Every structure is written in C-alpha cells, then in structure tokens.
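Here's a quick tour for anyone meeting this structure for the first time. Have a look at the sequence and the model, then read on.

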Amino acid sequence: MSQIQAVLCKKCKRLLDCRKSTEHNIKWCKCGAVGVDVEEVGGKVYYCRLLGNSEDYEESDDYHKLVDKLAWRGWYNLYEEYTTKLKAAGAIDIYVKQKYGFMRIEYNYSDKCNNADRAEINRLANEAEDKSLGICNECGSEEDVSQVGIWIETLCKQCIEKMENDDE
Ligand SMILES: [Zn+2]
Ligand SMILES: [Zn+2]
C-alpha cells in the first residue's frame with residue numbers, strides 16, 4: 001500500500017500535507033481541484049486516495065521534496081526554470097530554501113563538471129537568487145516588491161496588505 005505524504009496542487013500551487021491526517025475527512029486544496037481522502041487500516045492511517053484530475057496534481061511519498069519544490073509558491077516558476085537550467089549545467093543534489101527573503105539554492109557539482117561548468121552553475125544560482133528578491137514569494141508578482149517582517153519575506157504590496165487584514 002503506497003504511503004503518500006503530500007500532494008501538490010499544480011493549479012493553485014498549494015500543498016496538502018498528508019502526514020498527520022487522522023480523520024476520514026476529505027481535504028481539498030483552496031482552489032478545489034485536488035482532494036485527499038484518508039483511509040485507516042488497522043487503526044493506522046496509511047493511504048491517501050486522491051480526488052481530481054491526475055494532471056492537476058503531483059503526489060510524493062516524501063513531504064520535504066514537495067515542500068522544497070514549492071518553497072514559497074510565488075517562486076514556483078523561478079524554481080522550475082532554474083533547477084532545470086542548473087541540472088542541465090551539471091548541478092546535482094539541488095536544494096532550495098528561503099533565506100533572508102531570497103530563494104537560496106544549494107547544490108553540488110557532478111563529477112563531469114569542469115571549471116567552466118562550475119562557474120556557469122554558480123552564475124546561474126546567483127542569478128536565480130538575485131531574481132527572487134524582485135518576485136513576491138506569495139503570489140509571484142514583480143510589482144511593488146520589498147523585503148519585510150521578522151522572518152524576512154519578499155512580498156508585494158498587495159500581499160502585505162492582505163496579510164495585515166488577515167491579522168485583524
Ligand atoms: Zn488547488
Ligand atoms: Zn504578492
């Protein structure tokens with residue numbers, strides 16, 4: 001029986017966490033395209049049955065893999081673009097996280113990389129990190145973006161306002 005830890009909705013770029021599911025409730029992502037149904041076997045929760053079109057979601061038995069992939073959903077396209085480029089250039093073990101408001105990329109070089117390849121990989125990673133500072137990590141907007149908050153996030157004006165309203 002397959003153990004799915006997380007499901008990523010490709011439509012709204014949201015992650016459904018299936019690791020701590022203890023109820024029989026169907027969980028839907030915000031846009032409603034993808035749902036996860038929890039099944040209990042012998043008193044243990046094992047299996048998440050998926051609802052929705054298979055092209056709308058990606059499932060994984062490794063929660064962190066999808067978290068990394070999503071690492072701040074506004075950067076999703078940037079992430080996809082640069083991990084593809086980095087892999088093509090010879091980078092391996094690519095790991096992405098958010099740090100001080102920018103998308104930080106960690107990686108190793110494959111054995112095949114020569115010095116020029118390494119330089120190109122470094123250049124690409126720096127380019128992606130620089131670009132992330134101009135893209136809202138919440139919605140992907142490139143307008144009125146700034147670094148804010150204690151846990152420094154890169155957000156656009158609209159998302160900052162939305163968050164302030166949610167707090168009230
Ligand atoms: Zn969705
Ligand atoms: Zn935004």
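## The overall layout

Reading along the sequence, you'll meet helices and strands in the pattern β-β-β-β-β-β-α-α-β-β-α-β-β-α. Put as totals, that's four helices and 10 strands. Keep in mind that this is a predicted model.

The chain has 168 residues, and 28% of them are buried. If you take the contacts with a separation of 6 or more, 46% of them link residues 24 or more positions apart.

## A three-stranded sheet

Let's start with an open sheet made of three strands, which run in the order β2-β1-β6 with antiparallel pairing. At its edges stand β2 (14-17) and β6 (57-60); each has a single partner strand, so one side of each has no neighbour in the sheet. Ignoring direction, neighbouring strands here are turned against each other by 20 degrees on average.

Now zoom in on one pair. Strand β1, residues 6-9, joins β2 through four bridges in the antiparallel sense. Within this pair, Ala6 sits opposite Asp17 of β2. As background, strands of a sheet pair through backbone hydrogen bonds, either parallel or antiparallel.

## The β7-β8 hairpin

Further along, strand β7 (residues 91-99) pairs with strand β8 (residues 102-109), again in the antiparallel sense, over seven bridges. One of the matched positions is Val96, whose bridge partner in β8 is Ile105.

What sits between the two strands of this hairpin? There are two residues there, and in this hairpin Tyr100 takes a positive phi near 45 degrees.

## Two nonpolar cores

Which residues touch the most other members of the largest nonpolar core? They're Leu86 and Met103, in a core of 23 residues. Several elements chip in at least two residues each: α2 (76-89), β7, β8, α3 (115-132) and β10 (153-156). The largest share is from α2, which provides five residues. So the hairpin strands β7 and β8 turn up here too, as contributors to this core.

Apart from that core lies another one, with 13 residues, including Ile4, Leu8, Leu16 and Val34. In general, nonpolar side chains tend to be buried together in soluble globular proteins.

## To sum up

There are three things to find on the model. One is the open sheet in the order β2-β1-β6. Another is the antiparallel pair of β7 and β8. Then look for the nonpolar core of 23 residues, with the 13-residue core lying apart from it.

How values were computed. Residues are numbered from 1 along each chain as its sequence is written. Chains are lettered from A and ligands numbered from 1 in the order in which they are written. This is a predicted model: local features need pLDDT of at least 70, side-chain atom pairs count only at pLDDT 80 or more; totals for chains, interfaces and linings use all residues. Two strands pair if DSSP finds at least two bridges between them. A nonpolar core is a set of buried Ala, Val, Leu, Ile, Met, Phe, Trp, Tyr and Cys residues joined through C-beta atoms within 7 Å. A residue is buried if 20 or more other C-beta atoms lie within 10 Å of its own, exposed if 12 or fewer, and partly exposed in between; C-beta atoms are placed from the backbone. Two residues are in contact if their C-beta atoms, placed from the backbone, lie within 7 Å. Axes are lines fitted to C-alpha atoms, for helices over the stretch in contact, and angles run from 0 to 180 degrees between N-to-C directions.
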